[in-house]
Amino acid sequence: MNELLSLFKKAASEQWRPKTEFMAEIIKRMESNGNIPASEVVNIDLEFGVRSREVLQIGLADLQGKGVLDCLTRYSEEIIAPPSSRLATPANWPLMNHERNVRRFSAQNGSLNAKEIVRKLQEIGISSKTIFLSWANWGFDLSYLRDWLEEEGFHDVLPGDENLCLLLQEFRDNVRRVLGRKCFRGGRFPLTLPVMFLLLFGENHPLSGRNHHALVDAQQLALIAQVFNDLCKPPNERVYWRSSLIKMPGSGKRQRPLEEFFPSLSLNKKARLS
């Protein structure tokens with residue numbers, strides 16, 4: 001982990017910049033109002049069946065990291081995931097085991113059907129104008145949830161993918177600009193969510209090591225978004241990266257080797273790999 005930390009410090013030695021207009025808009029709002037409601041900007045993460053695309057768990061958190069929705073899902077009887085016989089390859093044990101584990105998760109809002117989820121979204125104030133943040137290479141978190149709700153008969157509840165900002169791509173663009181494409185052991189800097197959160201906040205943070213639970217991932221994303229906002233300032237004006245507000249690994253604490261993290265990446269999050 002020290003090797004990665006050293007590299008990231010080099011990447012953070014320069015002022016970062018947002019890649020997209022949406023990220024620039026989010027930063028502008030964060031700077032003008034530190035208490036942005038989830039109705040304006042919200043972090044999203046899903047746990048889903050990697051083959052069936054069935055939404056299993058939904059996690060939403062505001063930009064301060066407060067959870068606003070944490071639920072498992074209940075599909076209508078007539079809305080079912082594609083049966084195994086229609087899929088190209090049979091489900092292997094790790095995939096099946098992951099889905100079984102997710103279904104046993106404890107969720108703050110319990111298990112909700114589509115109508116109940118839509119009601120919760122409306123209570124939060126989420127609309128077609130809400131900006132969503134996700135840690136992914138493409139917008140499956142928002143699109144899978146929107147597709148399911150539309151299948152259940154609920155349209156115009158969520159915005160289109162044009163309202164989705166992929167924070168992973170924002171990080172990748174800036175790291176690549178400073179360090180190059182092959183900066184870590186002949187390959188790209190590992191920008192998986194478990195590695196990045198541990199790198200930025202340390203193993204003693206309450207959220208560290210708890211990935212692949214949708215709400216936890218959304219809360220981690222919220223905190224990383226704050227760091228990104230900070231990195232877009234000149235280095236001498238930063239608040240988080242240069243202070244103890246971010247618990248950096250070190251200070252005599254045991255450093256966890258990278259090998260603990262790469263094999264344990266969630267099967268349904270491989271699309272998020274850098």
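## Worked exercises: helices, rings and cores

Phe140 and Tyr144 both sit in helix H5 (residues 140-151), and because they are four residues apart, about one helical turn separates them. The model used throughout is predicted.

**Exercise 1. Classify the ring pair of Phe140 and Tyr144, and state whether each residue is buried or exposed.**

Step 1. Start with the search. The whole structure holds 13 aromatic pairs.

Step 2. Take the geometry of this pair. The ring centres of Phe140 and Tyr144 are 5.9 Å apart, and the planes meet at 40°.

Step 3. Apply the cut-offs. Centres must lie within 6.5 Å; planes under 30 degrees apart are stacked and over 60 edge-to-face. The Phe140 and Tyr144 pair is therefore tilted.

Step 4. Check burial. Phe140 and Tyr144 are both buried.

**Exercise 2. Describe how H1 packs on H7.**

Step 1. Two packed helices are described by an angle and a distance between their axes.

Step 2. Helix H1 (residues 2-11) meets helix H7 (residues 193-201) at about 80°, and the axes are 10 Å apart. H1 is thus roughly perpendicular to H7.

Step 3. List the contact residues. H1 supplies Leu4, Leu5 and Phe8; H7 supplies Val195, Met196, Leu199 and Leu200.

Step 4. Sort them by class. The contact has seven nonpolar residues, no polar ones and no charged ones.

**Exercise 3. Do the same for H2 and H8.**

Step 1. The axes of H2 and H8 come within 10 Å and cross at roughly 90°. The angle range for roughly perpendicular is 65 to 115 degrees, so H2 and H8 are roughly perpendicular to each other.

Step 2. From H2, the contact uses Met23, Ile27, Met30 and Glu31. From H8, it uses Ala225, Gln226, Phe228 and Asn229.

Step 3. By class, the H2 contact with H8 has five nonpolar, two polar and one charged residue.

**Exercise 4. Which residues touch the most other members of the largest nonpolar core, and which elements feed that core?**

Step 1. The largest nonpolar core has 48 residues. Phe8 and Phe189 touch the most other members.

Step 2. Now the elements. H1, helix H2 (21-32), strand S5 (131-134), helix H6 (167-179), H7 and helix H8 (214-231) each give two or more residues to this core.

Step 3. Look beyond it. A second, separate core holds 30 residues, among them Leu46, Ile79, Ile126 and Leu142.

Step 4. Return to the two phenylalanines. Phe8 and Phe189 also belong to one aromatic cluster, together with Trp16, Trp135, Phe171 and Phe228.

**Exercise 5. Where do Asp156 and Arg185 lie, and are they buried or exposed?**

Step 1. Inspect the backbone. Asp156 has a positive phi of about 60° without being a glycine. Arg185, also not a glycine, has a positive phi near 50°.

Step 2. Place the residues. Asp156 is in the loop between H5 and strand S6 (164-166). Arg185 is in the loop between H6 and H7.

Step 3. Use the cut-off: exposed means over 50% relative accessible area. Asp156 has 69%, so Asp156 is exposed. Arg185 has 58%, so Arg185 is exposed too.

**Exercise 6. Summarise the whole chain: how many helices and strands does the protein have, and what share of residues is buried?**

Step 1. The protein has eight helices and six strands. Along the sequence they follow α-α-β-β-β-α-β-α-β-α-β-α-α-α.

Step 2. Of the 274 residues, 53% count as buried.

Step 3. Among contacts with a separation of 6 or more, 75% join residues 24 or more positions apart.

How values were computed: Residues are numbered from 1 along each chain as its sequence is written. This is a predicted model: local features need pLDDT of at least 70, side-chain atom pairs count only at pLDDT 80 or more; totals for chains, interfaces and linings use all residues. Side-chain values use heavy atoms; hydrogens and water are left out. Rings of Phe, Tyr and Trp (its six-membered ring) pair if their centres lie within 6.5 Å; planes under 30 degrees apart count as stacked, over 60 as edge-to-face and the rest as tilted. Buried means under 20% relative accessible area, exposed over 50%, partly exposed in between (1.4 Å probe, protein chains only). Axes are lines fitted to C-alpha atoms, for helices over the stretch in contact, and angles run from 0 to 180 degrees between N-to-C directions. Angles under 35 degrees count as roughly parallel, over 145 as roughly antiparallel, 65 to 115 as roughly perpendicular and the rest as oblique. Contact means heavy atoms within 4.5 Å. Ala, Val, Leu, Ile, Met, Phe, Trp, Tyr, Cys and Pro count as nonpolar, Asp, Glu, Lys and Arg as charged, and the others, Gly among them, as polar. A nonpolar core is a set of buried Ala, Val, Leu, Ile, Met, Phe, Trp, Tyr and Cys residues joined through side-chain atoms within 4.5 Å.
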